[in-house]
Amino acid sequence: GMPMAVKARINFKSGISYWTPVQDGLLFPAKRRVMLFKCTPFPPHFWSRANKPAEANLLLPEDLSAVQSAQLIVRIWDGGEGTIQEPFKLNGHPYAITSGKAVHDVVFTQQPVDLQHLKAGVNHVTLLSDTEHHGIEMLLPGPALLLRYK
């Protein structure tokens with residue numbers, strides 16, 4: 001595996017923060033059981049409003065046979081989807097990523113993905129809002145898939 005060192009910053013409610021000592025001599029396992037995949041490249045203007053769709057691709061490995069489970073992780077600025085019933089789709093399958101209330105704030109979702117909805121190689125995501133003004137803006141790291149292997 002690859003050598004790795006970790007250090008943590010702990011923030012207390014009082015406002016005091018503390019850095020832990022560096023813990024080194026750790027090895028990052030060559031065969032990982034959990035891997036995160038994000039859109040490459042991340043579209044420069046990844047947002048939708050006024051019925052103008054935004055789209056991107058997530059590239060997954062060619063062999064998904066050992067994948068045990070998948071989670072979709074999304075962080076958006078939620079200005080609303082308007083009248084669109086399914087504002088976000090992964091390979092044509094809808095996943096709920098908005099508040100449904102146009103909260104005009106950051107909304108974070110993490111949810112299980114049906115493994116039948118994933119494909120080896122290119123996976124397509126679409127974002128659609130028909131609001132006049134704010135719409136939905138995808139925030140970094142963008143839609144990401146967390147795959148857990150057997």
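Asn91 sits in the loop that links β9 to β10 (93-94). In this predicted model, Asn91 has a relative accessibility of 17%. The cut-off for burial is under 20%, so Asn91 counts as buried. Beyond its neighbours within four places in sequence, Asn91 is in contact with His117, Leu118 and Lys119. Val122, Asn123 and His124 complete that set of contacts.

The strand before this loop belongs to a sheet. Four strands build that sheet, which is open, in the order β7-β12-β9-β10. The pairing is antiparallel. β7 and β10 are the edge strands, each pairing on one side only. Inside the sheet, β9 and β12 are joined by 3 bridges and run antiparallel. Leu90 has Val125 in β12 as its bridge partner. In general, strands of a sheet pair through backbone hydrogen bonds, in either the parallel or the antiparallel sense.

A charged pair comes next. Lys89 and Glu86 join their side chains in a salt bridge, with 3.5 Å from N to O. The structure holds 1 salt bridge. How far are its two residues open to solvent? Lys89 is partly exposed, at a relative accessible area of 26%. Glu86 is also partly exposed, at 39%. Both values fall between the 20% and 50% limits, so neither residue counts as buried or exposed. As a general point, side chains of opposite charge can pair when their charged atoms come close.

Now to the loop between β10 and β11, which holds Ile97. Is Ile97 buried or exposed? Its relative accessibility is 1%, so Ile97 counts as buried. Val74 is 23 residues away from Ile97 in sequence, yet their C-alpha atoms are 6.7 Å apart in space. Val74 is also one of the residues that Ile97 touches, once residues up to four places away are set aside. Leu72, Ile76, Phe88 and Val107 are on that list too. So are Thr109, Gln111, Leu127 and Met138.

The nonpolar interior can be followed from here. The largest nonpolar core has 26 residues. Which residues make the most contacts inside it? They are Leu145 and Leu147. Seven strands each supply at least two residues of this core: β7 (54-60), β8, β9 (88-90), β11 (105-113), β12 (121-127), β13 and β14 (144-149). The largest share, 5 residues, comes from β8. In soluble globular proteins, nonpolar side chains tend to be buried together.

Leu145 shows how widely a core residue can reach along the chain. Leaving out residues up to four places away, Leu145 touches Met35, Leu36 and Phe37. Leu58, Leu60, Gln71 and Leu72 are further contacts of Leu145. Leu90, Val113 and Leu118 also touch Leu145.

β13 has partners of its own. Strand β8 (residues 67-79) is joined to β13 by 4 bridges, and the two run antiparallel. Asp78 stands opposite Ile136 in β13. Strand β6 (residues 47-48) also pairs with β13 (residues 135-138), in the antiparallel sense and over 2 bridges. Here Trp47 faces Glu137 in β13.

The N-terminal part comes next. Strand β1 (residues 2-6) and β4 are joined by 4 bridges and run antiparallel. Met2 has Phe28 as its bridge partner in β4. Where does β4 lie, largely in the open or largely buried? Of the 6 residues of β4 (residues 23-28), the number buried is 0, so the strand lies largely in the open.

A nonpolar patch also lies on the surface. Ile10, Phe12, Ile16 and Tyr18 make this patch, of about 390 Å². Tyr18 belongs to strand β3 (residues 17-19). With a relative accessible area of 43%, Tyr18 is partly exposed.

Last, the chain as a whole. The protein chain has 14 strands and 0 helices. Its C-alpha atoms fill a box of roughly 55 × 45 × 25 Å along the principal axes. Of its 150 residues, 33% are buried. Among contacts with a separation of 6 or more, 74% join residues 24 or more positions apart. The protein chain exposes about 9500 Å², and carbon and sulfur atoms supply 57% of that area.

Methods
Residues are numbered from 1 along each chain as its sequence is written. This is a predicted model: local features need pLDDT of at least 70, side-chain atom pairs count only at pLDDT 80 or more; totals for chains, interfaces and linings use all residues. Side-chain values use heavy atoms; hydrogens and water are left out. Two strands pair if DSSP finds at least two bridges between them. A nonpolar core is a set of buried Ala, Val, Leu, Ile, Met, Phe, Trp, Tyr and Cys residues joined through side-chain atoms within 4.5 Å. Buried means under 20% relative accessible area, exposed over 50%, partly exposed in between (1.4 Å probe, protein chains only). Contact means heavy atoms within 4.5 Å. Patches are made of residues with over 30% relative accessible area and no salt bridge: like charges are joined within 9 Å, nonpolar side chains (Val, Leu, Ile, Met, Phe, Trp, Tyr) within 5 Å. Accessible areas come from the Shrake-Rupley method with a 1.4 Å probe; for residues, only the protein chains shown count as cover. A salt bridge is a side-chain nitrogen of Lys or Arg within 4 Å of a carboxyl oxygen of Asp or Glu.
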